[in-house]
Each structure stands twice: as structure tokens, then as C-alpha cells.
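Dear colleague,

I am handing over the structure below, together with some notes on what was found in it. Please read the notes with the structure open beside them.

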Amino acid sequence: MSAESHNDVDVEVLVIGAGVVGIYALYRAIDAGFTAQALEAGDGVGGVWYWNRYPAARFDSESYTYGYIFSKELFDEWRWKEEFATQPEIESYLNFVVDRFGLRSSIRTGQRVVSAAFDDDAGHWVVTTGTGDVVRARWVISATGGLSVPHYPEIDGLETFEGEGHHTGAWPHTPIDFTGKRVAIIGNGPSGAQLLPAIVDVVEQVDLYQRTPTWTTPLNNAPLSDERFTWLQQNFDEVVRILSTSPSGFLHTPAGKFSTDDTPEERREFYEKIWTSPGFAKLTANYYDMTTNREVNLEFCEFLAEKIRGIVDDPVTAERLIPKDHLFGAKRPPFVSGYFESFNKPNASLIALRETPILRIDATGIETTEGHRDYDIIAYATGFDFGTGALTRMGVTGREGLDLSTDWEDGPTDFGGFSAHLLPNFFFPGGPHGAGGGNYPRYSQDQIDWIFDTLDYARSNGYDRFEPTAAQQEAWMTMIETLAPRSIFSAEHSHYYGANVEGKVRKFLLNPGGRAKLHEMLDEVSSTADYGGAFTPAREIVAAGFTTESTSGDAR
Ligand code: NAP
């Protein structure tokens, strides 16, 4: 291999995807002095917040804990309107960040990657987009997201529907007018639960098709007050410290007690307080043993069931809405205000699919075992091919014939939830085994920060190839498999196990060790000489591939 071919890349760092994770990765790459570029499939930036534009799509993590925390100036400049922002504000924020840090000229939109192949001889990646453009890059950061490939249910005749059919995760840019329409929503996860109350007051009829009831609790949103915003600004360093170190990546104050510290009456009072708490605080600020002690979780579930019975007027509907097959938190719960209340409206009804399954969709509507209903609009809130969906569809091939589309058929194997043996110089922060069940951007930031520390180390020490060893990957995967049954999100009938996608292997797709294990195992690698064999030295002129001057391309 000649020195010339060794340097023959267009950019040092190629980021795929310009969502929350990709924007940060691009920022870090440019800030670190690498030539860098991002390819984005959408016609705009934002990732999930570009595609999920259904009515009332919003954060259920507090806006200021989900947004970026790497810049105090940015934190001060963007004044979130609500504790939990809606999609339009989030999309504006992400565009603001892109412009604020001068990233836009380095992002090429409308470029869906169709193949990413590692050229072992040249030591670089050859990435091809749907338009036929090719980018050669030393390092690839695939920030393609865990929730970016919409999953449509396998229902006979789905394609024959002549009304409007839209997936919540691929919602049209032209707003849909629901006024006076007959609407079906299939799915009652966070997306379906958000959509129902958002449209119930304007539609002629809306039917929610529910397969598995969920422990939905109120979001308890509020405007972000000036007092709160000022407090956050004044305590920025402490906010960053908590968000960067707490297991959940949230700011919520833990309860500081076990269920056994309280009497039954005190517990009841505590559950009332939890019910009115914001978003994920119902998990993070609950009793320490809420997710480990089955009895206390059952008690809390009974409290929630009573709430549902108290809200929903029709007792039969109320019973159908109460989960019977999983504890609170075992599946990722939706946090949505007004969801159960919607079923009291005369134009809303619940179709319980376990009792009356869908037989088919036809030109005019949906037929269940109960009969046929006509619709103008069907909203598929049926989730995503979680974790692996994007990576296995992108034509990723590494060394020794590794092909993600087939090698991950039995479940993903990786190291750190962002890299894999036989995939040199390829990182996928936010991928499978990435999130630990906490605040998603905080986990991804941990991964990206480690990746850039690693690239910096490589540049300083004359390495041009990083690839976790088989042993490092095995240790990580053993941790995943050992701790998965102990994860709070342990219900196997969940997208965290791939169970919502017909035919997908059921493997746990989160990091059950959370942040603590992530950092422990990453530190173990990065504190060992040469990262324990994960680095191999540049094979030509030492560090030749790393200086910005040495690349042949420009950052388009
Ligand atoms: P989801 O949680 O995977 O829920 C999908 C829903 O569709 C479930 O109710 C599922 O039923 C149902 N479903 C799937 N296939 C079906 C079929 N063939 N027939 C009938 N029902 C079917 O998807 P999601 O609601 O889009 O949420 C996915 C993730 O996106 C969330 O976990 C969250 O991380 C994120 N999200 C966040 C927010 C937010 O507030 N920030 C909002 C939306 C989404 P089963 O339960 O029976 O499988």
C-alpha cells in the first residue's frame, strides 16, 4: 500500500445522520480539527424530530435535559418554552444549533446511505448514497438512531387502503387536517398515546386499536418559568454534573427512601405525589425498590389501575385499558396527559385487539372479528425496528466478510453499544445496547465523548485503526446477557427485545448495565496500553492519515 492510497480519503470523519446524535458528533469532529462531513437522508436536520411530526409529538424528557449541554452559551441562548417541548420547537432548536456552530455547510441532506464498505487494503470506508455519490472516510460515525426505521404492522390488505395512511415516524410535512375525519390509530405506545388526545376534539370519530395496554401516566407538562430557567442558568455546572453522572441522565431528585420506610398510608400519599410528578420522575424519583420489589410494584400498579378506573367512565373500557401482563416500568411507559380522558369523549372508542383482532385492511377501512369500520385516515403508531433497523439496512460490510444485514440476524454483537469487532473505524453511537433506559441523548453523549477521546488518542499516538478485539466484545456481550434479566425494562414483549417486529429475533437491545457499566468497561479498555489491542498502528507514515492537511478531499 502506498502512502498516497493511505491518505486517499475525502474526509477524515464521516457522520451518517444529522439528528440529535449526528449533530453533536459533527460538532465534535470539526471542533477537534478533523475534516468532517455529515450525510442525512432527510431533506432537513433533526433525525427523529424531523420525521416524527404528528400532532403533539413532544419530548417526555425535560427539554433542557434532552437538549445539548456541551455549551453554556447555547444553554443560555435557547429559551425553551415548555418543560416538555413539542416537535416544531425541537426541530427549530436543532436547526438553531446547526447554524450557531456553523455546521450547515458540512451537512448534505437528501443523501440516504445505501452502502458502507470497509476497504481493508486502503484502510478506509467507502460510503455510497442513493444518489450515487461516494465518500471515502477514515472514520465513520453512523448516528442513524435506534428509532429511525418505522415498523408497519403486517396486516393483510394494508396497501389497499384508499384513504390516508401514515406512520407516526414518517409523518408528512404537509399538515394533515383531521377536522371531521374518521380516524384509526393502531398502537398505544408513546406515539399513539400522544396522538389520540391531540386530535380527539376535532375528529368525527377516532378508534384506538390497542394490542397490549400500557401503564400510561400523565406527563404533567408546564410552561418553563422564568424562575426555573434562571435557576438552570445559574446552576449550569451542577446541572451538567448531574446529567452527566446520574444513572438515568435526568435531573429528578431521587425519593431517597425504600417502600419499607413508609407506612401504607404514607405510601399512598407518596404515590399521589408521584402521579403528579413530571415525566420519567415516576420511575427515577419513585421508591428505590419500585423496580426491584415485585410486591411494591404490584401495589403501585393497583394504585394506577384505580386512577384509570377513576378517570374512564365506562368500566369495561377502563378494565381493557389496565395492563395485566407487565409491571410498571417493565415496558417503556408512555407519559401523556389526557390519554385516558379521551375515551370519555363520545367520538372516541377503544378496540381491544386481543378480543377482536384485525382481520384485514381494505380500501375503505379496517375489519376486525367484530365487524368493519370505515376510515378517512389510518395512523400507524406501531413503533420502529428498534436498535438494529437502520444499521442492518445500510449495506454495512467490514473485514473478513462481515455483513451486518446477515451477521446480526441472531441479534447484534458489539462493544460499548457503538462499535464492533471486524468493523474497524466504524462507530454507531445510540445504536443497539447503547441506551441504558435513561435519557437517550445523555447516554449517546457519553459514547461520542469516548469516541472522540479515542480519535484524539489515535491522532496523537500514530494509530489509524481502531477495532474492539474479539475478547473485548465478548466481555461486553456477556455483561449484556447476564444483566438483561435484571433490567427494569425486562418485559420480553417489548420493542426493547425486538418483539414488535414480526420475525425479529428476541434479544435485549438496551445496555442493562447502564452508565456505570458503560464507563467501567470503556475505562478498562482506554486505560490499557494501546486500548488492549484495539488499536493498530498506521501502516505507512505514522499518523499520516490524521492531520487535516493530509487529506485529499474537502469537507463538503
Ligand atoms: P412502541 O412503543 O414500540 O409502540 C408500538 C405500539 O404499536 C404498541 O402499542 C404495539 O403493541 C403496537 N403494535 C405494533 N405492531 C402491532 C400490530 N401488528 N398490531 C397492533 N398493534 C401493534 O412505538 P412508539 O409509540 O412509536 O414509541 C417508540 C419509542 O419512541 C418509545 O419507546 C420512545 O422511546 C420513543 N418515543 C418517545 C416519545 C416522547 O414522548 N418523547 C414519543 C413517541 C415515541 P404491543 O405493545 O402489543 O407490541
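Please keep in mind that this is a predicted model. A good place to begin is the pairing of strand S8 (residues 182–186) with strand S9 (residues 205–210), which run parallel to each other and are joined over 5 bridges; within this pair, Ile 186 stands opposite Tyr 209 of S9.

Both strands belong to an open sheet of 5 strands, paired in parallel and ordered S7-S14-S8-S9-S10. Strand S7 (164–167) and strand S10 (348–352) stand at the edges, and because each has a single partner strand, one side of each is left without a neighbour in the sheet. From one strand to the next, the twist averages 20°. Across S8, S9 and strand S14 (377–380) lies helix H7 (residues 190–199), which runs at about 160° to S8.

Elsewhere, the loop between helix H6 (87–100) and strand S3 (107–108) contains Gly 102. Its relative accessibility is 49%, so Gly 102 counts as partly exposed, and its C-alpha atom is separated by 8.8 Å from that of Tyr 27, although the two residues are 75 residues apart along the chain.

Finally, there is the second largest pocket, with a volume of about 870 Å³. It is lined by 33 residues, of which Pro 247, Ser 248, Thr 284, Thr 291 and Ile 488 are the closest to its centre. Helix H11 (281–284) and helix H18 (514–526) each supply at least two residues of this lining, and H18 gives the most, with 3 residues. By class, the lining has 18 nonpolar, 13 polar and 2 charged residues.

With best regards

Conventions. Residues are numbered from 1 along each chain as its sequence is written. This is a predicted model: local features need pLDDT of at least 70, side-chain atom pairs count only at pLDDT 80 or more; totals for chains, interfaces and linings use all residues. Side-chain values use heavy atoms; hydrogens and water are left out. Two strands pair if DSSP finds at least two bridges between them. Helices (H or I, at least four residues) and strands (E, at least two) are DSSP runs, numbered from the N terminus. Axes are lines fitted to C-alpha atoms, for helices over the stretch in contact, and angles run from 0 to 180 degrees between N-to-C directions. Contact means heavy atoms within 4.5 Å. Buried means under 20% relative accessible area, exposed over 50%, partly exposed in between (1.4 Å probe, protein chains only). On a 1 Å grid over the protein atoms alone, a cavity is a set of points where a 1.4 Å probe fits but cannot get out, and a pocket is an open set with protein on both sides within 12 Å along at least five of seven lines; lining residues have an atom within 4 Å of a point. Grid points are joined across faces, edges and corners, and a volume is the space filled by probe spheres set on the points. Ala, Val, Leu, Ile, Met, Phe, Trp, Tyr, Cys and Pro count as nonpolar, Asp, Glu, Lys and Arg as charged, and the others, Gly among them, as polar.
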